[in-house]
Amino acid sequence: MPPYNIEWLVIPAPDIEKAKIFYNRVFGFEISEYSESFSVFKAGNISGGLDSDLLPSENSLSFSVTVDDIPAVLEKIEQYCGKIIKPKYSLGPNLGVCARFADPNGNILELYSPE
């Protein structure tokens, strides 16, 4: 059986306005409003939604966003009400680097760079 692709991702966003600004300005997600409580985004090869009816959890599914310059993105994360959880760290020789952050709604996510 061939592997399946992940096609759709929903991010909990109780404060949907902050989420729309954050993901658009920090990562360049294209965002369009679907309803008062749900917005749709396009981010590279994946689409998804920001859902104000869902609550973030630190113990839930997480994902990584690949970026070119982790320190520059961490600055933008703080500028747009995010919080750095773990600064840039190495995954090991030739494996790249990561950093963990919380978005304005408290979702814990990761940055990745092959650096």
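This report covers the nonpolar core, the salt bridges and the surface patches of the structure above. The model is predicted.

**Nonpolar core**

The largest nonpolar core holds 25 residues. Five of them touch the most other members: Tyr23, Phe27, Leu50, Ile77 and Leu111. Both helices and strands feed this core. The elements that give two or more residues are β1 (8-12), α1 (16-27), β3 (38-43), β4 (46-51), α2, β7 (97-102) and β8 (108-113). Helix α1 gives the most, with six residues. As background, nonpolar side chains tend to be buried together in soluble globular proteins.

**Salt bridges**

The structure holds four salt bridges. Side chains of opposite charge can pair when their charged atoms come close. Three of the bridges are listed here.

| Pair | Closest N to O distance | Places of the partners |
|---|---|---|
| Lys20 and Glu17 | 3.0 Å | both in helix α1 |
| Lys20 and Glu33 | 3.2 Å | helix α1 and strand β2 (residues 30-35) |
| Glu115 and Lys88 | 2.9 Å | segment after β8 and strand β6 (residues 83-90) |

Take Lys20 to begin with. Its side chain meets Glu17 in a salt bridge. The two residues are three apart in helix α1, so about one helical turn separates them. Lys20 also meets Glu33 in a salt bridge. Here the partners sit in helix α1 and strand β2, so the pair ties together parts that are 13 residues apart in sequence.

How exposed are the residues around Lys20? Lys20 itself counts as buried, because its relative accessibility is 14% and the limit for buried is under 20%. Glu17 is partly exposed at 45%. Glu33 counts as exposed at 55%, because the limit for exposed is over 50%.

The Glu115 bridge lies elsewhere in the sequence. Glu115 pairs with Lys88, and their closest N and O atoms are 2.9 Å apart. This pair links distant parts of the chain, with the partners 27 residues apart. Glu115 is exposed, with a relative accessible area of 60%. Lys88 is partly exposed at 36%. Shared partners also matter for the overall pattern: salt bridges join Glu17, Lys20 and Glu33 into one network.

**Surface patches**

Which residues gather in the patch of negative charge on the surface? They are Asp68, Asp69, Glu75 and Glu78. Glu75 has its place in helix α2 (residues 70-79). Its relative accessible area is 59%, so Glu75 is exposed. Helix α2 is thus on two lists: Glu75 of the charged patch lies in this helix, and α2 is also among the elements that give two or more residues to the core.

A second patch is nonpolar. Trp8, Val10 and Leu54 make this surface patch of about 260 Å². Val10 is found in strand β1. With a relative accessible area of 32%, Val10 is partly exposed. Patch members need over 30% relative accessible area, so the value for Val10 fits that cut-off. Strand β1 also appears among the contributors to the core.

**Start of the chain**

Pro2 is found in the segment before β1. Pro2 counts as exposed, at 61% relative accessibility. How far apart are the C-alpha atoms of Pro2 and Asp68? They are separated by 30 Å, and the residues are 66 apart along the chain. Asp68 is one of the residues of the negative patch.

Methods. Residues are numbered from 1 along each chain as its sequence is written. This is a predicted model: local features need pLDDT of at least 70, side-chain atom pairs count only at pLDDT 80 or more; totals for chains, interfaces and linings use all residues. Side-chain values use heavy atoms; hydrogens and water are left out. Patches are made of residues with over 30% relative accessible area and no salt bridge: like charges are joined within 9 Å, nonpolar side chains (Val, Leu, Ile, Met, Phe, Trp, Tyr) within 5 Å. Accessible areas come from the Shrake-Rupley method with a 1.4 Å probe; for residues, only the protein chains shown count as cover. Lys and Arg count as positive and Asp and Glu as negative; His and the chain ends are not counted. The place of a charge is taken as NZ of Lys, CZ of Arg, CG of Asp or CD of Glu. Helices (H or I, at least four residues) and strands (E, at least two) are DSSP runs, numbered from the N terminus. Buried means under 20% relative accessible area, exposed over 50%, partly exposed in between (1.4 Å probe, protein chains only). A nonpolar core is a set of buried Ala, Val, Leu, Ile, Met, Phe, Trp, Tyr and Cys residues joined through side-chain atoms within 4.5 Å.
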